Amino acid sequence: MNDILDFRLVFTNIPHLLKYLPITLEIALISYVANLIIGLLVAIVKIKKTRVLYPIVSFYVSFTRGTPLLVQLYITYFGIPMILNLINYKFGTNFSTSFIPKIFFALAALSLNSAAFSSEFIRAAIESVDKGQLEACHSIGMTNFQTLRRIVIPEALVVAVPSLGNSLINMIKGTSLAFTCAVVEITAAGKIIASRNYRIFESYLSIAIIYWIITLIISRIFIIIEKKLKCNEQGVVITNDTN
Amino acid sequence: MIQIKNLTKKFKKLLVLDGIDLTIEDNSVIGIIGPSGSGKSTLLRCINYLEIPDSGHITFDTNDFDIQKATRENIRYMTTHTGMVFQSFNLFKYKTALENITEGLIVVQKKEKSEAEKIAKHYLEKVGLIDRANHYPNQLSGGQQQRVAIARALALNPDVILFDEPTSALDPEMIQEVLKVIKEVAKAGKTMVIVSHEMNFIYDICDKVIFLEDGKILASGTPREVMIESENERVQQFVSKVNLIDQYNI
């Protein structure tokens, strides 16, 4: 029995793997923030239907949603150096491709991939804000920017929170593909351990447990955030008399 | 005083306002009546630029401009010197009654938070809702929400307050509490323009009434002149459907 499944190893692996947790979180959080910024910009272009940009972002969203993340990682990993080489060849410049940190490719692919999906729910969330709220802002003399910052974004956020949580969870799991860009994070570290002791199943089980716990924590956090944002559903004692 | 001359507004090909002339004297209360779709609300919304009118001329105290040549400052003057009360209240969902009122004072008028809260509380007191200051809109009844909305408009101290069917979304009991508040505001000498189907109320509190149909003013004058003595057949027909009570008490 012991030969088939070494249950203890599943847990003793975990401390070794956790050394790479900071890398996983670093990739996930940086890509996540970049994804939100790009997603918001794309959403605004889509809402405003900006003349030149609209077809470009439509193509970007369509292409990104229509191709697998793994393929996109390879495209950035091999594509960016190739473009640099091409520029060097054409213009006689001397950009070095080997000095680009490997993590950069993972960050670029993950954030661009995720932003294509985020832009859609960000757009939906912004458009879900009741027109009456905007008219109220106008009627009290707020400028467009004040309206966006004070009313539209806070209200859209409440609608977007569940999707924002989902997208962070997907991002965390997406980082497991970063090994394709030669970045060693939790999954890659697990693979290395497995290749040393040939306990492949145990290694992946350890990896799975770590991801699962991270996502459990994230979903809890987002539930708390959602409750906090829905301030109108708590707090004051509701009285029924109508004065 | 606001003087509007030859105001027109089209929605695509549909002419909604067809050369409206309207003078809003200081401290007067003007009622706009007429059938649905006659352009009443659009007229109000053009005054505070929620809708952009197509042509005409507006003189609002020192702000005198031709609509087709309106500058950003002209429009800004209109939005900041008028207040609006909506049919569907439009209170900010995630802000308390108090925050709804302080929002404009702090963000637009750049007042200190403590001063804004003092003003907001004063107006909440006026509309009888000081004990609901920390309630969110969804914790208030429709009538209470509308009273908060009126307090929000009043707190910014605009020269004119525009009421766009303020009681159409309320049940009869709530209508009374809201009309009472509006009447008090009118008595205090605030300049107001009211679009409403509450004929008795209009008759009671307005200094001047205009009857609008198909974007044109068919009759205008004192409530008695328009709602009782008008010679215009269409106006007579419309008003005859209501029983005007001479002494309307709320």
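This report walks through helix packing in chain A and a handful of residues in chains A and B.

## Ground rules

This is a predicted model, so local features need pLDDT of at least 70 and side-chain atom pairs count only at pLDDT 80 or more, while totals for chains, interfaces and linings use all residues. Residues are numbered from 1 along each chain as its sequence is written, chains are lettered from A and ligands numbered from 1 in the order in which they are written, and side-chain values use heavy atoms, with hydrogens and water left out.

Helices (H or I, at least four residues) and strands (E, at least two) are DSSP runs, numbered from the N terminus.

## Helix α2 of chain A

Let's start with α2(A), which covers residues 21-48. This helix has 28 residues and reaches 40 Å from its first C-alpha to its last, close to the 40 Å expected (1.5 Å times one less than its number of residues).

Several α2(A) residues are buried, including Thr24(A), Ile27(A), Ala28(A), Ser31(A), Tyr32(A) and Asn35(A); buried here means under 20% relative accessible area, exposed means over 50%, and partly exposed is in between (1.4 Å probe, protein chains only). Further along, Gly39(A), Val42(A), Ala43(A), Val45(A) and Lys46(A) are buried too. Their cover includes α3 (53-65), α5 (102-127), α7, α8 (186-197) and α9 of chain A. Just after the helix, Lys49(A) takes a positive phi of about 50 degrees.

## α9 against α7

Two packed helices are described by the angle between their axes and the distance between the axes. In chain A, α7 (residues 144-174) and α9 (residues 200-229) pack at about 170 degrees with their axes 10 Å apart. Axes are lines fitted to C-alpha atoms, for helices over the stretch in contact, and angles run from 0 to 180 degrees between N-to-C directions. That angle is why α7(A) and α9(A) count as roughly antiparallel; the classes are roughly parallel under 35 degrees, roughly antiparallel over 145, roughly perpendicular from 65 to 115, and oblique for the rest.

On the α7(A) side, the contact (heavy atoms within 4.5 Å) includes Leu157(A), Val161(A), Leu164(A) and Leu168(A). Among the α9(A) partners are Tyr211(A), Ile214(A), Ile218(A) and Phe222(A). The contact residues divide into 14 nonpolar, 3 polar and 1 charged. For that split, Ala, Val, Leu, Ile, Met, Phe, Trp, Tyr, Cys and Pro count as nonpolar, Asp, Glu, Lys and Arg as charged, and the others, Gly among them, as polar.

## α8 and its two partners

The axes of α8(A) and α9(A) come within 8 Å and cross at roughly 160 degrees, so this pair is roughly antiparallel. Ile186(A), Thr187(A), Gly190(A), Lys191(A), Ile193(A) and Ala194(A) in α8(A) meet Ile200(A), Ser203(A), Tyr204(A), Ile207(A), Ile210(A) and Tyr211(A) in α9(A). That contact divides into 8 nonpolar, 3 polar and 1 charged.

Helix α1 (residues 7-18) of chain A also packs on α8(A), at about 130 degrees and with axes 10 Å apart, which makes α1(A) oblique to α8(A). Here Leu9(A), Asn13(A), His16(A) and Leu17(A) of α1(A) touch Ile186(A), Ala189(A), Gly190(A), Ile193(A) and Asn197(A) of α8(A). The tally is 5 nonpolar, 4 polar and no charged.

Ser203(A) sits in α9 and is buried, with a relative accessible area of 1%. Its contacts, leaving out residues up to four places away in sequence, are Asn13(A), Leu17(A), Gly190(A), Lys191(A), Ile193(A) and Ala194(A).

## Where A touches B

Asn232(A) is in the segment after α9 of chain A and is buried at 9% relative accessible area. Beyond four places in sequence, Asn232(A) touches Lys93(B), Tyr94(B), Tyr136(B), Asn138(B) and Gln139(B).

From the other side, Leu50(B) is in the loop between α1 (40-47) and β4 (55-60) of chain B and counts as buried at 17%. With the same sequence cut-off, Leu50(B) touches Glu135(A) and His138(A), along with Arg45(B), Met84(B) and Phe86(B).

## Positive phi in chain B

Two chain B loop residues are worth a look. Asn27(B), between β2 (14-24) and β3 (29-33), has a positive phi near 60 degrees and is exposed at 53%. Phe89(B), between β6 (82-85) and α3 (97-107), has a positive phi of about 65 degrees although it is not a glycine, and is buried at 10%.
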